[in-house]
Amino acid sequence: MAAELRGALIGCGFFAVNQMHAWRDIAGAAIVAICDRDPERLKIVGDQFGIARRYADAAALFAGEKLDFVDIATTAPSHRSLVEMAARHRVPAICQKPFAPTLADAKAMVKACTDAGVPLMVHENFRWQSPIQAVRAVLDSGDIGRPFFGRISFRSAYDVFSGQPYLATGKRFIIEDLGIHSLDIARFLLGDVSAITTRTARINPDIVGEDVATMLIDHKNGTISVVDCSYATKLATEPFPETLVEIDGSDGTIRLEQGYRLTVTSKSGTRISDVSPPLLSWASRPWHNIQESVVAIQKHWVDCLVNGTEPATSGADNLKTLALVEAAYSGAASREPVQLDALL
Ligand code: NAD
Ligand code: 89Y
């Protein structure tokens, strides 16, 4: 049997705990060391997952360990320096979303890894959620024909600020934090984008950034989609963290509705199925949908490293998702459509 890949986690915060649980579920890889500049987080995660090799500083981690990959789970401001450090040490890297604070940083990170010949994957996990994969499978089956309209919608009033207080203080909020996933799902389901038109609003007076965004997207293949997200939408039943999808095609329709209900109408009639994600042993509702996708993307990374294939959400691929984020903010400011090719 091939030896297990030796990984290290950098950043032991709120979300990294899910990544650590997921690594324990995955054959072929193990986290052998962890790093966080906050000693309290280092102790909490080290003790919870029985990791003895602990570092307060990433440079010391790279100097002290022989690694097959690093899993970077810090927030965006540290991503560029950590990915470039991994590239210098010829260590393949996973980097959490948002890939970088700017597209220029992200391009430099992709170049550093390409030049060093090391794989780079962005932890863009929402497209790996099983309900989203189920929608993609219907599209791939050809049952609804050629898509001509899509809607990717995430509307909620869930309190994300208690677990992630930094989300309330940044100049940018929902597009960079959550809309980035919806935009990536739009690309995954309907193809790459030529132009985006955006409107934003801030409804919650206690935060700095925008908490509502509505985006109209021209896909290169002629499909039109609406990507809308809100953390100011109080509903009878809180849907967090479900992404709802509507796709109209030449031969039928797909509806992914709240409660993970998938309705497909095609020439052969209508079928309704429950595409609820499984509740993994360590998962907790309502996060289980996201938690399952963490296992899926990390498994994909291990497969890619073992087989020498490019991750679906490689750094190069994710430039196109991050470019949509940049374009959405600049278009919201100018109130003009923004062409994507000019940014890439
Ligand atoms: P957090 O602030 O709780 O955790 C980040 C940790 O990184 C902190 O413990 C901090 O001390 C540490 N850190 C920061 N810079 C460091 C450095 N240079 N060296 C070592 N340690 C460093 O943040 P979080 O809420 O866990 O979010 C982390 C990232 O995960 C963010 O980019 C966020 O957008 C992303 N996230 C992704 C998902 C998803 O579904 N993909 C969900 C939630 C959060
Ligand atoms: O940070 C965000 C993410 O990536 O998924 C949901 C989230 O935790 C809050 O919006």
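User: How many nonpolar, polar and charged residues make up the shell around ligand 2?

Analyst: The shell around ligand 2 holds 4 nonpolar, 2 polar and 2 charged residues, where Ala, Val, Leu, Ile, Met, Phe, Trp, Tyr, Cys and Pro count as nonpolar, Asp, Glu, Lys and Arg as charged, and the others, Gly among them, as polar. This is a predicted model, in which local features need pLDDT of at least 70 and side-chain atom pairs pLDDT 80 or more, while totals for chains, interfaces and linings use all residues. Residues are numbered from 1 along each chain as its sequence is written, chains are lettered from A and ligands numbered from 1 in the order in which they are written, and side-chain values use heavy atoms, without hydrogens and water.

User: What makes a residue part of the surroundings of ligand 2, and which residues are they?

Analyst: A residue is near a molecule if one of its heavy atoms lies within 4 Å of it, and for ligand 2 the residues are Lys97, Phe126, Val160, Gln164, Asp177, His181, Tyr231 and Trp287.

User: Which side chain has an N or O atom 2.5 Å from an oxygen atom of ligand 2, and why is that called a polar contact?

Analyst: The side chain is that of Asp177, and the pair qualifies because a polar contact is a pair of N or O atoms within 3.5 Å; within protein, one must also be able to donate a hydrogen and the other to accept it, and residues adjacent in sequence count only if both atoms are side-chain atoms. Oxygen atoms of ligand 2 also lie 2.7 Å from side-chain N or O atoms of Gln164 and of His181. Of the 270 Å² of accessible area that ligand 2 has on its own, the protein covers 93%, by the Shrake-Rupley method with a 1.4 Å probe.

User: How many residues surround ligand 1, and which are the closest?

Analyst: There are 22 residues around ligand 1, and the closest are Phe15, Asp36, Lys97, Asn125 and Tyr166. A nitrogen atom of ligand 1 is 2.7 Å from a side-chain N or O atom of Asn125, and an oxygen atom of ligand 1 is 2.8 Å from a polar backbone atom of Phe15. Taken alone, ligand 1 exposes 860 Å², of which the protein buries 88%. At least three residues of its shell come from each of domain 1 (5-118) and domain 2 (127-280 + 321-339), with bounds taken from an automatic or database domain assignment.

User: Why is Thr74 counted as buried or exposed?

Analyst: Buried means under 20% relative accessible area, exposed over 50%, and partly exposed in between (1.4 Å probe, protein chains only), so Thr74, at 18%, counts as buried. The side chain of Thr74 also forms a polar contact of 2.6 Å with that of Ser78.

User: What makes helix H1 (residues 16-25) largely enclosed?

Analyst: Helices (H or I, at least four residues) and strands (E, at least two) are DSSP runs, numbered from the N terminus. In H1, 8 of the 10 residues are buried, so the helix is largely enclosed by the rest of the structure; among them are Met20, His21 and Trp23.

User: How do you know that strand E1 (residues 5-10) and strand E2 (residues 29-35) pair?

Analyst: Two strands pair if DSSP finds at least two bridges between them, and E1 and E2 are joined in the parallel sense over 6 bridges, with Leu9 standing opposite Ile34 in E2. They belong to an open sheet of 6 strands in the order E3-E2-E1-E4-E5-E6, with parallel pairing.
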